[in-house]
Amino acid sequence: MMLSRIADSLFWLNRYMERADGLLRVVRTNYIMSLDKGSDNAPTWRQALTVFARLDETECARLEHDTPLALKTLLAETDNVNSLRVIVTKARENARGAQDHISKEVWEQLNQMYHFVNQPKLAELLSGAGALESIDRLMRQSMLFNGIAEATMPRALGWRFLNLGRYIERSLITIEMSDRQFAAIGYNLEEPREILQWKYLLLSLSGYELHLKMYRTSNASRDVLHQVLFDPSFTRSVIYALGRVDRYFTDVLAESNRVDNVSLSRYFKSLYSSVRYTDVDIIPHNGIQAFFSDVKGRILEFGKRLSQSFFSYS
Amino acid sequence: MSAETILHHYESKDGFWDEMSAEKTIRPQYAKVYDLLQQMDVGSLQQKEKLANELFLNQGITFTVYSDNAGIERIFPFDIIPRIITAAEWDHVERGIKQRLRTLNLFLKDVYSAQAILKDQIIPASLVASCPHFTREVYGITVPYDIYVHIAGIDIIRGDNGTFYVLEDNLRTPSGVSYMLENREVTKRIFPDMFTSNRIRLVSNYPLILHQILLSLAPAQMARPTVVLLTPGIYNSAYYEHTFLARQMGIALVEGRDLVVDKNKVYMKTTNGLEQVHVIYRRIDDDFLDPLVFRPESALGVPGIMGAYRKGNVAIVNAVGNGVADDKAIYAHVPAMIRYYLNEEPILANVPTYNLRNPDERKFVFDHLDQVVIKRTNESGGYGMVMGNKARDEELQRAKNDIHNDPRGFIAQPIIKLSTVPCFIDGKFQPRHVDLRPYALCGPDGVQIVPGGLTRVALREGSLVVNSSQGGGSKDTWVVD
């Protein structure tokens with residue numbers, strides 16, 4: 001049992017921190033791959049900007065080839081509501097409101113990251129040759145945050161809400177990133193494509209090495225779709241994330257006696273089953289886009305219902 | 001340059017009581033610290049200063065300054081050199097505060113029930129009636145064990161001959177205790193060797209004592225009463241302290257919107273529905289506590305909470321209406337209260353205070369404006385204070401006009417030459433003025449004071465204003481045996 005407001009804050013604390021983590025992985029991959037100017041696969045910043053910054057077409061076109069400006073927009077800009085700086089600040093604000101429910105170590109780590117992204121010279125650091133070093137440092141801070149939370153947070157209700165936030169956010173990021181990559185090939189799985197073409201997505205989701213180990217069939221597009229949606233051993237797959245949501249949600253329900261628990265539980269199970277009991281072969285060829293959008297819509301709806309049940313306090 | 005040389009350059013100011021040096025000699029309580037400092041060089045002291053600042057910053061012990069529309073977080077200035085009080089000095093201060101707190105609790109009970117002290121004309125009834133913090137809404141409410149002041153932060157200063165005086169009684173929601181506790185933790189990190197060579201009395205049990213007192217106030221005899229700390233929220237400047245105390249006591253930190261009153265009982269809204277709350281340590285001012293009774297626009301409080309309080313279904317700490325006892329005009333009468341209620345002589349002296357409603361005293365003050373400090377009776381934090389020796393002519397004129405219009409709203413006191421202690425500033429040891437705020441806790445078993453308190457220091461050279469809102473910092477404070 002805990003204050004609804006605290007549960008809400010913990011949920012959003014980790015949603016933002018997971019988003020920060022996802023953003024940093026994308027930025028790091030993008031930055032490194034954009035250095036391979038000779039290859040056809042060198043990505044521009046377009047995809048990262050469309051996912052993590054709300055820009056119109058002209059803005060996007062202006063920034064996509066300008067690494068320093070793109071980095072500034074994605075990491076340091078306060079006008080971009082999904083920039084790292086804004087997300088980490090929001091995470092910290094939630095942590096501040098729930099400070100007596102997170103461990104001192106978690107709070108201190110988050111503070112360090114907060115002060116790093118809010119230093120006045122951040123934009124300068126990101127514009128020069130030291131950009132990658134700063135990105136790496138931020139990435140490490142983010143991983144430390146997760147590790148310290150893992151090592152020091154009590155396994156009580158707060159931990160469950162933290163994880164609900166993390167895995168709901170993670171499933172959404174994976175869907176969003178994958179959907180855009182598959183859109184780029186017209187959702188056509190039949191045309192043969194090289195694994196190199198998928199490297200950007202897989203590295204952004206930290207799944208490239210796993211892919212090389214587990215899949216080496218002739219149809220890379222199919223394999224990638226399987227990995228991001230259905231591979232339970234891949235920690236950024238949709239099925240893995242929903243499996244974690246299932247676990248923490250079950251634990252939350254076990255301690256709760258609210259009347260609307262049953263219908264909320266059914267809603268989630270139906271969503272979970274729709275991913276769990278399907279496969280790449282079962283999704284119709286022309287239905288990949290619809291599948292992504294259906295699952296995404298239902299995850300968002302579940303998040304909304306969850307908050308109505310457990311977080312309503314004002 | 002080694003610290004030995006810079007210590008030798010330390011010069012206390014003539015006409016002030018320096019707590020470390022007396023006529024070129026070092027007072028015995030400072031001897032060991034002085035010896036250790038002599039062995040360090042300026043670089044390593046600056047390193048320690050930097051480490052201390054990082055520790056505060058990473059723990060989020062900060063306040064926000066706004067410039068260019070961007071908030072930058074700063075720490076409250078901390079001076080690394082501890083301030084030392086002897087056991088004998090502390091014994092005197094402790095007895096004085098206990099006596100004062102017993103008296104002020106009796107006064108609050110009296111003024112909100114029989115009002116004997118007014119009827120006996122020890123304190124003019126008009127003075128109480130005209131106090132904006134005299135809260136008619138709580139007249140007749142009984143509180144557990146007749147304790148109104150559970151937590152007091154009585155400000156103590158030392159004059160030019162070392163005498164201790166009470167400067168003001170903070171009996172509402174005194175803050176700063178987390179700095180007292182954190183300052184100690186940080187000092188342990190930067191000067192562990194000083195702790196091995198001195199016998200320093202412990203302060204870290206403060207939250208445990210406070211928690212025991214809060215538990216004892218639950219309205220009914222129950223095994224596990226629910227105690228909460230009510231905060232105005234994350235934008236309050238003392239928010240860090242609220243989270244610190246809540247976690248040190250293991251109690252829930254709630255905001256007004258987390259609480260709801262139903263049938264004169266207070267509940268908090270949890271993931272599992274409503275749960276009753278029995279004791280509230282509130283860090284919200286009276287005015288904002290209940291929009292149905294006090295300020296109707298308050299969004300920080302809980303509608304109906306005063307009803308629950310009146311019924312005895314919830315204990316509120318500190319009690320509502322305490323402001324009448326720490327009003328600066330009523331302060332002048334505390335020595336008379338001590339004689340009246342306890343039949344004892346005050347152990348700690350008041351700073352002489354001029355009553356500006358009295359035409360003779362007012363005239364005297366106006367004739368000696370350069371020697372007094374003028375304070376508003378109902379402000380704290382150093383706001384509305386005019387230092388007669390520093391203020392410009394137009395400020396003094398404005399103060400005079402304000403006093404003419406509302407003599408009850410002001411008091412005047414002679415400017416006390418606050419004692420000085422050594423501080424490490426800009427790579428040098430320099431004397432700075434300090435005060436002392438010990439935190440006293442009052443429960444069914446009497447008054448307990450953790451040894452020491454928060455030393456606030458006026459970091460600007462020559463300044464006598466120690467408030468954090470006016471450029472003050474703080475120091476770790478030791479009571480040594």
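Reader: What makes S9(B) and S10(B) a pair of strands?
Author: DSSP must find at least two bridges between two strands for them to pair, and S9(B) is joined to S10(B) by 4 bridges, with the two running parallel, so the criterion is met. Thr231(B) stands opposite Glu255(B) in S10(B). Strands here are DSSP runs of E of at least two residues and helices are runs of H or I of at least four, numbered from the N terminus. The model is predicted, so that local features need pLDDT of at least 70 and side-chain atom pairs count only at pLDDT 80 or more, while totals for chains, interfaces and linings use all residues. Residues are numbered from 1 along each chain as its sequence is written, and chains are lettered from A and ligands numbered from 1 in the order in which they are written.

Reader: Which other strand is joined to S9(B), and how do you know that from its bridges?
Author: Strand S14 (residues 279–282) of chain B is joined to S9(B) by 4 bridges, and these two strands also run parallel. Within S14(B), Val279(B) is the bridge partner of Val227(B).

Reader: Why is the unit of S9(B), H10(B) and S10(B) called right-handed?
Author: The word applies if, with the strands pointing away from the viewer, the path from the first strand over the helix to the second runs clockwise, and the β-α-β unit made by S9(B), H10(B) and S10(B) is right-handed in this sense.

Reader: What makes strand S9 of chain B mostly covered?
Author: A residue is buried if 20 or more other C-beta atoms, placed from the backbone, lie within 10 Å of its own (exposed if 12 or fewer, partly exposed in between), and 5 of the 5 residues of S9(B), residues 227–231, are buried. Val227(B), Leu229(B) and Thr231(B) point one way, whereas Val228(B) and Leu230(B) point the other way.

Reader: Why is H9(A) described as largely enclosed?
Author: Of its 28 residues 22 are buried, so H9(A) is largely enclosed by the rest of the structure. Helix H9 of chain A, residues 157–184, reaches 41 Å from its first C-alpha to its last, close to the 40 Å expected (1.5 Å times one less than its number of residues). Just after H9(A), Gly186(A) takes a positive phi of about 65°.

Reader: Which element gives the most to the side of chain B that touches chain A?
Author: The contact takes 20 residues from chain B and 22 residues from chain A, and S10(B) gives the most to the chain B side, with 4 residues.

Methods. Two residues are in contact if their C-beta atoms, placed from the backbone, lie within 7 Å.
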